[in-house]
Amino acid sequence: MKAAIFQRPLARRRFLFLMSRLSAALALGALPALAHGAARRVNQLPEDPFYLGVASGDPRADAVVLWTRLDPAVLRRAGLDEDVLQVDYEVAADAGFSRIERAGSIAAAPELGHSAHADVRGLRPDREYFYRWRIGGVASPAGRTRTAAAGAAEVDRFRFAFASCQQYEHGYYTAYRHMAEENFDLIVHLGDYIYERTWGENLVRSHEGPEIHTLAEYRARYETYRSDTDLQAAHASAPWAVTWDDHEVDNNYAAQTAEDEQTQEQLLARRAAGYQAWYEFMPVRLPVGWQGPDMPIHRRLRFGKLLEMNVLDTRQYRDDQACGDGRRPSCAEHMDPSRSLLGQAQKRWLLDGLASADARWNVLAQQIMMAGLRAVGEGGEQLWPMDIWDGYPFERRELLQTLADAGTPNPVVITGDIHTHWAAELKPDFDDPASPVVGSEFVGSSVSSGGDGEDSNDYGTALLANNPHVKFFNAQRGYVANTITPAQWRTDYKVLPRVTVAGAPISIRKSYIVEDGDPRLRED
Ligand code: FE
Ligand code: CA
């Protein structure tokens, strides 16, 4: 698998050397020291290399990750594409950069596609900051970001958006243009940031090339998606917390098993390429323990006493979809209680965290719908969607029962993946009307995947009728805005009339409220 990343032994040695320096720097909290020695300082660049804009993410009370990536074409023309380059950043308290609070340098290496990730420390909690990058006399556009409140601090109000599923060919990223205007405290991306292949009709634009497999192909795909200026504006407007779903590698893959005829080895090579490209393009901390196709990305973010967010990965460790995947009647494999979606290590980490959680609101930011969403077959039989939590009913029950037994304060699940808005109440047993509601779930529609969409359709109406714990369905494109206070969680489902034409207006289609201490959904 490593061959996909390391073409030459020399490059691999230098890469490992850089990574070991980076890890040591991270461990010591001394990132600015990194760039000296290994990185080359560029005095003058004739062209602007900041072709994909800027981003920030994974905020802590004293730190945030700043991101950019240097244009390979600009570096090639300047004869710098093989070099490790020094990139400078500055962080200011004001948009005019008159009060610089932090400045430093980071190495951008060709092995990581000249991406730059600076984990800037020493910032003040719960503050707005502005940042920009510089190399060779050229400054990047500025970005706005925000640190988290300190763990024990009171927070009156927190606003965040979440989104997922942005097939580039299916529509414009109008949702991001509107999102950027809201200056959120945080934007969460729940996966399908890119798509590895083309499907559908009425494509409004093209991501070049066929289904992607290699690092070079994944990089090119991310470049196309990130070239969108609406997406760049959303990245520049707020810190992001990003996780992935399946299309960052391969549709409906499960751990080491591909969707179609690929060997495990091929899928793992693909995973190594897809995961590396994801890291290169996302404003995330270097995942500790990353090695080829293994990249642990589940993590916790805390925003004072108000909110803790468990960012999950439901792809990398899961047992293969049961009964042949898709919507199926149950089978023996499906009813095997040992099957896992999270994998044992992530599950332990999550359940331990939820059992000792002390924030007012405890969020599970993850990919696939948790509430039961069974359909009825032509013969009246129940059909289980095997790719989502319905396909892993024993682990789902264990998780939801843990929330009940541990008394985790106000659990809220946020979800992407299925290109439709839903709201649901979570119960340990979805077949038992007496099973208590232990949490709330908000599922966000796609940014563009699926094209224009519609307010309602027969598919949604039938599923609502068969799943009484599910309260709301909408099949338009958009995102979900959430306003959280100690007393109340408010979710606004935002929709667009169309995405095949740019510039559509956005509106709130539906709002739900959850009161502190009562996980039931209340329409607003
Ligand atoms: Fe999707
Ligand atoms: Ca998906």
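This is a short talk about a metal site, a small sheet and some salt bridges in one protein structure.

Okay, housekeeping. This is a predicted model, where local features need pLDDT of at least 70, side-chain atom pairs count only at pLDDT 80 or more, and totals for chains, interfaces and linings use all residues. Residues are numbered from 1 along each chain as its sequence is written, chains are lettered from A and ligands numbered from 1 in the order in which they are written, and side-chain values use heavy atoms, with hydrogens and water left out.

Let's start with the metals. Which residues hold the calcium ion, ligand 2? Its protein donors are Asp-192, Asp-245, Asp-246 and Asp-417, each through an OD atom, at 2.3 to 2.7 Å. A donor here is an N, O or S atom within 2.8 Å of the metal, or 3.2 Å for Na, K and Ca; water is not among the atoms, so sites may look incomplete. Along the sequence, the spacing of the calcium donors reads D-x52-D-D-x170-D.

The calcium ion has company: the iron ion, ligand 1, is 3.9 Å from it, and Asp-192 coordinates both. Asp-192 is in the loop between β10 (186–189) and α4 (215–226), and Asp-417 is in the loop between β18 (411–415) and β19 (421–426), so this pair ties together parts that are 225 residues apart in sequence. A word on those labels: helices (H or I, at least four residues) and strands (E, at least two) are DSSP runs, numbered from the N terminus. Are Asp-192 and Asp-417 buried or exposed? Both are buried, where buried means under 20% relative accessible area, exposed over 50%, and partly exposed in between, with a 1.4 Å probe and protein chains only.

Next up, the sheet. Three strands make an open sheet in the order β14-β17-β16, with antiparallel pairing. β14 (327–328) and β16 (375–376) are at the edges with a single partner strand each, so one side of each has no neighbour in the sheet. Two strands count as paired if DSSP finds at least two bridges between them.

β14 pairs with β17 over 2 bridges, and Arg-328 has Trp-384 as its bridge partner in β17. On the other side, β16 and β17 (residues 382–385) are also joined over 2 bridges. There, Val-376 is opposite Gln-382, and Ala-375 is opposite Leu-383. These two strands form a hairpin with 5 residues between them, and Gly-380 in the turn has a positive phi of about 85 degrees.

Last topic: salt bridges. The rule is a side-chain nitrogen of Lys or Arg within 4 Å of a carboxyl oxygen of Asp or Glu. How many are there by this rule? The count is 42.

Take Arg-124 and Glu-101, which meet at 2.4 Å, N to O. Arg-124 is in the loop between β5 (115–120) and β6 (128–135), while Glu-101 is in strand β4 (residues 100–108), 23 residues apart. Arg-124 is partly exposed at 36%, and Glu-101 is partly exposed at 27%.

Then there's Glu-128 with Arg-144, at 2.6 Å, N to O. Glu-128 is in strand β6 and Arg-144 in strand β8 (residues 143–146), so they tie together parts 16 residues apart in sequence. Glu-128 is partly exposed at 33%, whereas Arg-144 is buried at 9%.

One more to look for on your screen: Asp-245, Arg-315, Arg-318 and Asp-387 are linked in a network of salt bridges. And we've met Asp-245 already, as one of the calcium donors.
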